[in-house]
Amino acid sequence: MKIFTSAKEIQQVILHDKSNKKSIGYVATMGYLHEGHVALLENARRENDLVVLSIFVNPLQFGPNEDFETYPRDLARDESLAVDAGVDYLFYPTVYEMYGDDPSVKVNVQNRTDCLCGRKRPGHFDGVATVITKFFNIVLPDKAYFGMKDAQQVAIIDGLIQDFNFPVELVPVDIIREEDGLAKSSRNVFLLEDERLEAKELYQSLLKAKTAIGTGERNPQKIIALIKEHIQAETKGIIDYVEVYQYPDLKLLDVLSGKIIIALAVKFKHARLIDNITLTI
Ligand code: AMP
């Protein structure tokens, strides 16, 4: 595995690989890798000649009171996980390498940001779209792998690829979970011991909703109420949102039908967790 910190250098190497007809699979992460990231890398390994992993905690996608400074970082551990997952090129730029002193262009996402994390984290998806635009131009991937853990991000990047004509195929990858159902996340390390035990109830609440839909419930408000009740009864977490939309359009529904997403965010003492399920009715 080769490690790059210069955008120009990795771009030149990849341009050379592409001139030799090598296909490029790309996984963007903020590091502190876990099995969720590894699943993305495994898919990329299976389907491409070369696998590129970026690790970059992107300041542009963090709000002023969010956890940019404290976000977990461990490059040595990430490097060894990346080698095991068969990564060819690890791109690990500094903030200065990505943005210099004062970037003159940023991407502004127009649709699908007025709900879920987009509403709760103003500017977050502009930061994501800006950094992914840069990474796509640096890495020149044929396929880019994104986890459904961040389902709104998948929908927005799909829009970015369409609207900006990137010759990139977006490959969504299912959520990888701990044995008790908690979605794997770099932020899970911030959960206190008792919070970690309760955190499995987020997925349990989504499964309860799925069962209710399976037995005929079609009222989104009732589904939301069911989930909120479960989380409030079983955890000390503070609900940030529980919302139901069409997926991937993220439009509101009066009656559940077609492909839908049920998504939630819950704040614990030092970690805000998100989870979702998508269903076709
Ligand atoms: P992050 O490092 O949290 O920005 O995540 C990088 C990529 O890994 C994103 O596409 C995430 O959706 C994906 N990812 C994170 N956690 C999981 C998970 N538990 N299962 C599947 N993909 C995940």
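**Exercise 1.** State the hand of the crossing in which α6 passes α7, and describe how the two helices meet.

*Solution.* Step 1: the crossing of α6 past α7 is right-handed (the near helix is turned clockwise from the far one by less than a right angle; anticlockwise would be left-handed). The model is predicted: local features need pLDDT of at least 70, side-chain atom pairs count only at pLDDT 80 or more, and totals for chains, interfaces and linings use all residues. Residues are numbered from 1 along each chain as its sequence is written, and side-chain values use heavy atoms, without hydrogens and water.

Step 2: the axes of α6 and α7 come within 11 Å and cross at roughly 55°. Axes are lines fitted to C-alpha atoms, for helices over the stretch in contact, with angles from 0 to 180 degrees between N-to-C directions. Helices (H or I, at least four residues) and strands (E, at least two) are DSSP runs numbered from the N terminus.

Step 3: α6 and α7 are therefore oblique to each other (under 35 degrees is roughly parallel, over 145 roughly antiparallel, 65 to 115 roughly perpendicular, the rest oblique).

Step 4: from α6, the residues Phe125, Val128, Ala129, Ile132, Thr133 and Phe136 meet Gln152, Gln153, Ile156, Ile157, Leu160 and Ile161 of α7, where contact means heavy atoms within 4.5 Å. This contact has nine nonpolar, three polar and no charged residues (Ala, Val, Leu, Ile, Met, Phe, Trp, Tyr, Cys and Pro are nonpolar, Asp, Glu, Lys and Arg charged, and the others, Gly among them, polar).

**Exercise 2.** Describe the geometry and the contact of α1 and α6.

*Solution.* Step 1: helix α1 spans residues 7-19, and its axis and that of α6 come within 8 Å and cross at roughly 45°. Step 2: the pair is therefore oblique. Step 3: α1 supplies Ala7, Ile10, Gln11 and Ile14 to the contact, and α6 supplies Asn137, Ile138 and Val139. Step 4: by class, there are five nonpolar, two polar and no charged residues in the contact of α1 with α6.

**Exercise 3.** Find how α8 and α9 are arranged, and which residues make their contact.

*Solution.* Step 1: α8 covers residues 193-214 and α9 covers residues 220-234; their axes come within 9 Å and cross at roughly 150°. Step 2: that angle makes α8 roughly antiparallel to α9. Step 3: the crossing of α8 past α9 is right-handed. Step 4: on the α8 side the contact includes Glu198, Glu201, Leu202 and Gln204, and on the α9 side it includes Ile223, Leu226, His230 and Glu234. Step 5: the residues of this contact divide into nine nonpolar, three polar and four charged.

**Exercise 4.** Describe the second largest pocket and the largest cavity.

*Solution.* Step 1: on a 1 Å grid over the protein atoms alone, a cavity is a set of points where a 1.4 Å probe fits but cannot get out; a pocket is an open set with protein on both sides within 12 Å along at least five of seven lines; lining residues have an atom within 4 Å of a point. Grid points are joined across faces, edges and corners, and a volume is the space filled by probe spheres set on the points.

Step 2: the second largest pocket holds about 250 Å³ of space. Helix α7 (residues 151-163) gives the most to its lining, with four residues. Among the lining residues of this pocket are Val107, Arg112, Ala129, Ile156 and Leu160. By class, its lining has six nonpolar, four polar and two charged residues.

Step 3: the whole structure has one cavity of 30 Å³ or more. The largest cavity holds about 40 Å³. Strand β9 (residues 272-280) gives the largest share of its lining, three residues. Lys149, Leu182, Asn188, Leu202 and Asp275 are among the residues that line this cavity. Its lining has five nonpolar, two polar and two charged residues.

**Exercise 5.** Locate Leu140 and Pro248, and describe their backbone.

*Solution.* Step 1: Leu140 is in the loop between α6 (124-139) and β5 (143-147). Its phi is near 50°, a positive value in a residue other than glycine. Step 2: Pro248 is in the loop between β7 (238-246) and β8 (259-267). A cis peptide bond, with omega about 10°, joins Tyr247 and Pro248.
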